[in-house]
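Trainee: I am new to this structure. Please show it to me, and then let me ask about it piece by piece.

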Amino acid sequence: MASLVLLPAFRCHYLPKPSRPLGSIPAVRLMIKKTPIIKAVGAGTMGEYKSTEEIKSALYQAVEGLNRGIFGVTSAKKSGILELVELLESRNPTPHPTDNLLDKVDGCWKLVYSTISILGVKRTKLGLRDFIALGDFFQKIDVSKEKAFNVIKFNVTGLKMLNGQLTIEASYKITSKTRVGIKLEKSTITPDQLMNLFKQNYDLLLAIFNPEGWLDITYVDDSLRIGRDDKGNIFVLERTENEL
C-alpha cells in the first residue's frame, strides 16, 4: 500500500465547452471539392465532420450522461466513442506533445470519459452502489516539478453529506515524443471518516486508479487531451482553470 500523506488541495473551475453541439450546426452544402470531409460513425450514427471542432462537439455529445464511463457503457456506445477518439487522434495538432508539455499540458484538467470501469463485485465492495457516490475527477499537471496530482471526489449520503477525496501524487519522466513513464509516489483519502469507509478495500480502490506505468498523449490542443496507457485504457480530459 502506498504511504498515506496529506497533499495540498486545489480547486478547479470549468471552462465552457464548445458553444454549439453537433446537432445544432446547420447543414452546409459543400461547394468547393478541395474542402476535406471526415466521415465516421459517431455514437452509432453516420455523420460528416468538416472540422476538428465538430468532431469534438460530437464526442462531448456522445459521452454526455455516461458518468465518465466508470460504471460501464454499452458496446455500441463504446464503439461510437472510440471512432470519434480515433478521428481526433488522426488530426492531432500536437504530434510531439512531450516537446510542448509546458504550453499544452501544464495545468488542471477534468476527466470527461475513460474506459476504466468499476463493475460488479468491485463496485459493491467499494460501497458505490448504495451510499458512496463518485464526484468529479481532476488532474493537475505541474511540469516544473514533473508531477501529476489525480483527485477523485466522493460524496457520502447519511453522514451529513460528507464530501471527501482520494488524492494520488505521481512523478513522470519523458520517454519519447509522445510518451511519459509514470511512478506512483503518495496517496491519501481525506477526511478521516472517508478513509475509514474505504480502509478495508483501500488496495482495491488504489489499484483501480493507480496511474503507474506509461501514458501516450495521443491528442492535445488548448482545451482537450486524450491519452492511452499501458493497460489499454483511454482517457479524455477537458482543460479547466485552477487555483492552488
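Trainee: Which residues have the most contacts inside the largest nonpolar core?

Mentor: This is a predicted model, where local features need pLDDT of at least 70, side-chain atom pairs count only at pLDDT 80 or more, and totals for chains, interfaces and linings use all residues. Residues are numbered from 1 along each chain as its sequence is written, and side-chain values use heavy atoms, with hydrogens and water left out. A nonpolar core is a set of buried Ala, Val, Leu, Ile, Met, Phe, Trp, Tyr and Cys residues joined through side-chain atoms within 4.5 Å; buried means under 20% relative accessible area, exposed over 50%, partly exposed in between (1.4 Å probe, protein chains only). The largest such core has 40 residues, and those with the most contacts inside it are Phe154, Leu166 and Phe209.

Trainee: What is Leu166 in contact with, leaving aside its neighbours within four places in sequence?

Mentor: Contact means heavy atoms within 4.5 Å. With those neighbours left aside, the partners of Leu166 are Asn150, Val151, Ile152, Phe154, Thr188, Ile189, Tyr202, Leu205 and Phe209.

Trainee: How many residues are in the other core?

Mentor: This core lies apart from the largest one. Ala58, Ile81, Leu87 and Val236 are among its members. In soluble globular proteins, nonpolar side chains tend to be buried together. The count for this other core is 20 residues.

Trainee: What share of the protein chain counts as buried?

Mentor: The chain has six helices and eleven strands. Helices (H or I, at least four residues) and strands (E, at least two) are DSSP runs, numbered from the N terminus. Among contacts between residues at least 6 apart in sequence, 65% join residues at least 24 apart. Of the chain's 244 residues, the buried share is 46%.

Trainee: How far apart are the end C-alpha atoms of α1?

Mentor: Helix α1 covers residues 52-63, twelve in number. The expected span of a helix is 1.5 Å times one less than its number of residues. For α1 that gives 16 Å, which agrees with the distance in the model, 17 Å.

Trainee: How many residues of α1 are buried?

Mentor: α1 is mostly covered. Its buried residues include Ile55, Ala58, Leu59 and Val63. Glu54 and Lys56 are buried too. Of twelve residues, the buried number is ten.

Trainee: Which residues of α2 are buried?

Mentor: α2 runs over residues 75-90, and its 16 residues should span 22 Å, in agreement with end C-alpha atoms 22 Å apart. Its buried residues are Gly80, Ile81, Leu84, Val85, Leu87, Leu88 and Glu89.

Trainee: How much space lies in the largest pocket?

Mentor: Rolling a probe the size of a water molecule over the atoms shows where empty space is left. On a 1 Å grid over the protein atoms alone, a cavity is a set of points where a 1.4 Å probe fits but cannot get out, and a pocket is an open set with protein on both sides within 12 Å along at least five of seven lines; lining residues have an atom within 4 Å of a point. Grid points are joined across faces, edges and corners, and a volume is the space filled by probe spheres set on the points. For the largest pocket, the space is about 630 Å³.

Trainee: Which residues are closest to the centre of that pocket?

Mentor: The lining divides into 24 nonpolar, seven polar and four charged residues. Here Ala, Val, Leu, Ile, Met, Phe, Trp, Tyr, Cys and Pro count as nonpolar, Asp, Glu, Lys and Arg as charged, and the others, Gly among them, as polar. Of the 35 lining residues, the closest to the centre are Gln139, Asn150, Pro211, Leu215 and Phe235.

Trainee: What is the separation of the C-alpha atoms of Ile118 and Ile70?

Mentor: Ile118 lies in the loop between β4 and α4. It counts as buried because its relative accessibility is 0%. Ile118 touches Ile70, Phe71 and Phe209, among others. Ile118 and Ile70 are 48 residues apart along the chain, yet their C-alpha atoms are separated by 5.8 Å.

Trainee: Which residues does a cis peptide bond join?

Mentor: Most residues other than glycine have a negative phi, and most peptide bonds are trans. The cis bond here has an omega of about -5 degrees. It joins Thr190 and Pro191.

Trainee: Is Arg68 buried or exposed?

Mentor: Arg68 sits in the loop between α1 and α2. Its phi is positive, about 65 degrees, although Arg68 is not a glycine. At 11% relative accessibility, Arg68 counts as buried.
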